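Trainee: Hey, I'm new to this one. Can you walk me through some of the side-chain contacts?
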Amino acid sequence: MTTAYHQSTQQWEADILGLFANRDKHEKAFTNMVDSYNELVQKLSYYVEQNKHLESTTQNAKDQHEKMARQVTVLREQGSPMNQKRSAELEAQVASLKDERAELYKTQGTNAQRLLDLNDILRNKDATLAQNKEEIRRLTEANTIFAHKNQDMQERLNEKNVTIQVIQDELQTLQLEMGKLDERQRELERENAQLLQRWLKMKNEEADRMNAANVFLENEQQETASLSQPVQSPGTRSLRSVGPDSPTQSNWRGQSTIFSIIPQISSRKITTHDSEVNTVAMSNGGTVFATGSNDKKIKIWDVKTGALKSTLTGCLQAVMCVSFNATDELLLGASNDNAARLWHLGTGRPRHTLTGHIGKVFSARFNPDSSKVVSGSHDRTIKVWDLQKGYCIRTMFTFASVNDVCLLDFDGSTIASGHLDNNLRFWDARSGNCVKEVTGIHVGQITSVCPSSDGTQILTNSRDNTVRILDVRTYETLSVLHADGYKTGTNWSKACFSPDGQYVVSGSADGTLYYWSTRDGTVEKTTKEQSGPIVGVSWSNSTVVSAEKDKTVVIWGTTARRPTVYEK
Amino acid sequence: MTQTQQSSEAPFNPVARAIWEGSIPIEISWDSAEANKYGAKERCLLMTQASRCSYLPLLTNEVWRHIRNKSVHMSLDQSNVWYEYEGVPLKWHYPIGLLYDIHELQAAACRGMMDSPPLPWKIVAHVEDFPVEKLIKITSENSCQDYFMSMIKEADYLRNGSTKKVMNMSKSDQTQLWDGMWTKSYELFWGMNQKLVLNDGTMARYLPVRIYLPENCPVVQEPVSPMDDEGNPRTLRQILNIALPDLFPLKDTPGQPARASVLIHGIVPSLDSSALWFAQTMAYPDNFLHLVVIINI
């Protein structure tokens, strides 16, 4: 099967292949054409693509071109954005420059204004300068004139000096003359005093003789009376002394009841302290006087010589009041240091310091037997001190500051006090009660109270420039003493009676001493030696001591033992 | 004849090769009415040397591209493309060679002209009015491939009585057949196909043959076995006699030309060749012998 089959297959193959070849001749003839056609188609499509692409590119280019053209036109109109920006910038710059310029104009304006102002100021300054120059010229002229005047004055002064010299020479000669005249006067005075002394001695001798005779008579009478029934004597006919006072009660002050003469002659003027004098008191014997001052010292002076005997220190503040005791051994000093001090005059040493007051002690007094001291103070109390015990035994509340106290009885049982409230009060020393308050007597504060030597009257000095004398028993005003020109100088100015009670002396604010007569209340005499206010007067025997605030004390006497000497 | 070659190497078979390389020039142009409608200036769409073994749908892609390029606005899609020749819609599931044989050669013979019909074959592409009563609509891209594979399966069934052989082939082998077919790769295709065709040496039960008659007669498909009852291999004449006894008598009357002849692949083969050999060698890629009958007047 196989080979035959094979053969036939081969045959068939060959046949068919031939047929195929034939077919292909026809069918494949177009291959080339188809291929080239396809190629062309491809190329065509490619070119179409390209064309499209190119067209699009050209379109793009055209668009670009158009855009550019538009831009160019825009630029032509407005310039590029760059230029626009630049022009905007420039415009801004221009605007700012314009602003600056405006500013500069403004500043220029202000500067011009300032310039004008400164010119004005300059003109004013020139004017003032011219004025000043003018003034300087005037002043220099005046200066020269004054220089001339000065020269003239100098010359005149020289002349005057020459004249003074001449006058001094004349004065000296006159002084010499006066000295001589004073000598003469003193001589005469001495003679006068001597004569007076002799006459007084004679009178005293007579009085003594009289007294002795009286005593003798009395004794005889007594003898006869004791022998027989006591016969009522017709009355003691006492040989009276010339003085009007009754001598029966021997003056408890221990002073001789001789009539007082107003001392008129200032025998001594002493500058006593370094600062103001507040008080002066003469001793009961009349030999010394004491002064108390703001310099805290008390000075003891001799009356006759005016010499300083001793100085008592110890007070811490100003001394307002000094007072001697009955025997003149002790001295009380009341001080603004709220204490009163006691010195023994013989030794000059302080004995007691009486503290207890709570205000300035304006006054302190011994009682007659020097066992007690009464002090009055601005703390409105009166204190009674026992000197043996050494402390205050009674305090009396007085309602008003005490300016002065004094004791009335000779046993010191009644105390009188003058107050700031213009009232006078009387106190019982033993009970401490206010016995009487005398009001309505003064219209100014009472500056001093002074008892009379017989204890029946009391003298009050007051700031209302009057001095009153009151009766101690009836508390009635006996007389009011005043005078034109009499003004109480200080709140503690003291007035006092004369030893015989006939006169009252007080110092005035201008340094004048006024002497009133107690009987009729008229001014008997005024003496003036001092110029400042009188702070106190003290009369003993026939000597008055007056102290003025201005540190001087004048001793007034009745005889010119020596010519007035101005002593320190 | 390389019956004993079992390797997947493509056998050297000049006939098969010649068949494989057969091609006809086709000019596809667009229907003029449609072209006017769509604003295309030229009608000629495609001029190509199409392989006889290929199918029309495989050209559709390119045709469509050209249509798209030419048309101004195209709203239809590719699946609407159909072809016709002289008013007759072309069945797309026939191989191109078969279509040409049917239409050109057969028509020309019927008209009495034995000259070769004019080449290139001018067919007209249409985009609209798909003739659904005449043609099967292409539903998917793979329609052609599915139909091709179904023909191969049918051929296998005819040969072996079951499609076991084809179905047992791996997916990649099946696709290799199709791929080889449409990429025109002889080696790829015949590497697979020979297994089917040669059938491991076993004799086919029936031969896969289809006979096409002119003037739209229905297709004749008779089961013809390659061997006759005595075990002799049948010739083509005998096979045809079984199928169309009137047209193909067993013996030619002397003195008269044959009544009809058979056209395949554009040639008229001798009818005395072995049917089996014929079926093995002259088959189309889809393993069928598509025989076109030309009636001689």
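Mentor: Sure, we'll go through salt bridges and then aromatic rings, and keep in mind that this is a predicted model.

Trainee: How many salt bridges are there over all chains?

Mentor: A search of the whole structure turns up 14.

Trainee: Which residue does Glu135(A) form a salt bridge with?

Mentor: Arg138(A), with the closest N and O atoms 3.4 Å apart. The two residues both sit in helix α3 of chain A, which covers residues 81–227, and they are three residues apart, about one turn of the helix.

Trainee: Is Glu135(A) buried or exposed?

Mentor: In between: Glu135(A) is partly exposed, because its relative accessible area is 38%. Arg138(A) is partly exposed too, at 45%.

Trainee: And what about Arg137(A), which residue does that one bridge to?

Mentor: Arg137(A) pairs with Glu141(A), and their closest N and O atoms are 3.1 Å apart. They're also in helix α3 of chain A, four residues apart, about one turn of the helix. Arg137(A) has 40% relative accessibility, so it counts as partly exposed, and Glu141(A) is partly exposed at 42%.

Trainee: Why would residues like these pair up at all?

Mentor: Side chains of opposite charge can pair when their charged atoms come close.

Trainee: Got another example from helix α3 of chain A?

Mentor: Take Glu187(A) and Arg190(A), which form a salt bridge with closest N and O atoms 3.7 Å apart. They lie three residues apart in that helix, about one turn. There's also a network in chain A: salt bridges with shared partners join Glu134(A), Arg137(A) and Glu141(A).

Trainee: OK, switching to rings. How many aromatic pairs are there over all chains?

Mentor: The count is 17. One of them is Phe397(A) with Phe399(A), an edge-to-face pair with centres 5.8 Å apart and 80° between the planes. Phe397(A) is partly exposed at 48% relative accessibility, while Phe399(A) counts as exposed at 55%.

Trainee: Anything in chain B, say with Trp20(B)?

Mentor: Yes, the rings of Trp20(B) and Phe189(B) have centres 5.2 Å apart and planes at 25°, so that pair is stacked. It links distant parts of the chain: Trp20(B) is in helix α1 and Phe189(B) in helix α8, 169 residues apart.

Trainee: Are those two buried or exposed?

Mentor: Both Trp20(B) and Phe189(B) are buried. They belong to one aromatic cluster, along with Tyr55(B), Phe148(B), Trp178(B) and Tyr186(B).

Trainee: Which residue lies over the face of Tyr186(B)?

Mentor: Arg17(B), at 4.2 Å from the ring centre. Arg210(B) has its charged end over the ring of Phe288(B), 5.4 Å from the centre.

Technical notes. Residues numbered from 1 in each chain as written. Chains lettered and ligands numbered in written order. Predicted model: local features only at pLDDT ≥ 70, side-chain atom pairs only at ≥ 80, totals over all residues. Heavy atoms only, no water. Salt bridge = Lys/Arg side-chain N within 4 Å of Asp/Glu carboxyl O. Buried < 20%, exposed > 50% of the residue type's maximum accessible area, 1.4 Å probe, protein only. Phe/Tyr/Trp six-rings, centres within 6.5 Å; stacked < 30°, edge-to-face > 60°. Lys NZ or Arg CZ within 6 Å of the ring centre and 35° of its normal.
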